[in-house]
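Here's a quick walk through one structure, with an eye on how its pieces pair up and pack. Have the model open while you read.

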Amino acid sequence: MNKIYFVDVTNRDGVQTSRLGLAKLQKTIINLMLDDMGITQSEFGFPTTKHELNYLNGNLELVERNVISKTKLSGWMRGIAEDVELSFHNVPKLKNVNLSQSTSEQMINGKYMGKKTPQDIINMTCEAVECAKSCGAEIIGVNAEDASRSDIDFLIRYAKEAKRAGAKRFRYCDTIGFEDPKTTYDRIFKIAKEVEMPIEMHFHNDLGMAAACSVMGAKAAIDAGVDAYINTAINGMGERAGNADLVSCLLAILKSAGFRNKYQIDENIDLSKSWKLAKYTAYAFGVPIPINQPAVGDNAFAHESGIHADGALKDRRNYELYDYEEL
């Protein structure tokens with residue numbers, strides 16, 4: 001069976017939370033903790049950004065020394081060859097990259113101001129993929145920014161062309177949180193079936209559905225016969241209303257009725273490390289975890305109602321779906 005893997009983007013997208021940020025040491029500690037938890041990949045920053053370079057090169061040195069051994073580190077950049085060349089010049093040991101281009105009519109017109117056509121977007125992306133291959137990249141992902149508002153036939157053509165150029169994954173970005181679980185499943189299934197390429201789910205939480213859309217997108221990819229990669233941020237940090245929360249997505253796949261024992265996650269992931277990771281990240285950002293946050297909030301295993309308290313004392317499974325010891 002194909003598997004569901006996790007790409008945590010806290011150190012790239014999470015740090016774009018308005019008015020907040022992380023020190024480079026804090027980002028390094030998060031990478032170390034993600035590795036300890038066995039998370040598949042950490043999108044650890046921007047290789048084109050000068051102030052990131054010591055941190056990025058230092059963390060790749062930790063990979064070389066086997067200090068970070070389970071989690072792959074990947075860099076994010078625009079899907080243009082010049083950015084790719086600069087990234088590998090700045091960070092020579094970079095092996096994993098995600099190349100991003102806008103694919104919706106709204107963004108192609110609204111950001112490029114009529115200067116680019118959809119075919120230009122495909123051409124630039126393929127040039128960037130070929131450049132990354134020539135620079136020694138091992139895993140190349142292509143991102144469709146605003147995929148949820150993009151024409152699906154164009155997305156399929158975009159992904160197929162990028163695959164032919166050498167891309168290994170296609171990232172479906174719900175950049176403004178527009179998607180819902182049903183349309184997510186339908187669109188991801190069709191893309192995965194036609195492109196036959198692992199799909200990454202990147203969902204924002206503007207409508208409160210990021211985790212639900214992420215897991216339904218992963219289900220669609222698996223059902224269509226390809227691996228799925230869920231993009232998450234610890235505690236749901238990120239632009240505007242944030243990204244899909246790491247622990248919520250993990251629990252949805254491991255514990256929910258439609259997923260439990262039916263879909264497999266990366267076997268390296270150790271859920272028992274999630275509480276510690278969530279608490280450290282909350283401290284690093286200076287953002288307290290909501291009291292009702294799934295699994296790691298202070299009330300996640302608390303009971304007020306007498307009926308609930310009595311039932312939980314008799315057998316916690318009466319009112320608790322999973323155990324706090326698992327976290």
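What follows looks at a few strands, one helix and some salt bridges.

## Strands and crossovers

Keep in mind that this is a predicted model. A good place to start is strand β3, which spans residues 72-78 and is mostly covered, with 5 of its 7 residues buried. On one side of the pairing list is β2 (residues 41-45), which runs parallel to β3 and is joined to it by 4 bridges. Within that pairing, Glu43 sits opposite Ser74 of β3. To get from β2 to β3, the chain passes through helix α2 (residues 53-64), giving a right-handed β-α-β crossover.

β3 also pairs with β4 (residues 96-102), again in the parallel sense, this time over 5 bridges. Here Arg78 faces Ser100 in β4. The link from β3 to β4 goes through helix α3 (residues 81-90), and this β-α-β crossover is right-handed too.

## Helix α1

Helix α1 covers residues 24-37, and its 14 residues reach 20 Å from first C-alpha to last, close to the 20 Å expected at 1.5 Å a residue. Its buried residues include Ile30, Met33, Leu34 and Met37, but also Lys27 and Asp35. What covers them? Among the elements that do so are β1 (3-8), β2, α2 and β3, along with α9 (246-255) and α10 (274-285). Just past the end of α1, Gly38 adopts a positive phi of about 85°.

## Salt bridges

There are 27 salt bridges in the structure. One of them brings us back to α1: Lys273 pairs with Asp36, with the closest N and O atoms 3.1 Å apart. Lys273 belongs to the loop between β9 (264-265) and α10, while Asp36 is in helix α1, so this pair ties together parts that lie 237 residues apart in sequence. Lys273 is partly exposed at 26% relative accessibility, and Asp36 is partly exposed at 39%.

A more local case is Arg164 with Glu161, whose side chains meet at 2.6 Å, N to O. These two are 3 residues apart in helix α6 (residues 152-165), about one helical turn. Arg164 is exposed at 61% relative accessibility, whereas Glu161 is partly exposed at 27%.

Then there's Arg316 and Asp323, with their closest N and O atoms 3.4 Å apart. Arg316 is partly exposed at 29%, while Asp323 counts as buried at 18%. Finally, Arg12, Asp13, Glu43, Arg169, Arg171 and Glu200 are joined into one network by salt bridges that share partners. That Glu43 is the residue standing opposite Ser74 in β3.

Notes: Residues numbered from 1 in each chain as written. Predicted model: local features only at pLDDT ≥ 70, side-chain atom pairs only at ≥ 80, totals over all residues. Heavy atoms only, no water. Buried < 20%, exposed > 50% of the residue type's maximum accessible area, 1.4 Å probe, protein only. Pairing = 2+ DSSP bridges. Right-handed = clockwise from strand over helix to strand, strands pointing away. Expected span 1.5 Å × (residues − 1). Contact = heavy atoms within 4.5 Å. Salt bridge = Lys/Arg side-chain N within 4 Å of Asp/Glu carboxyl O.
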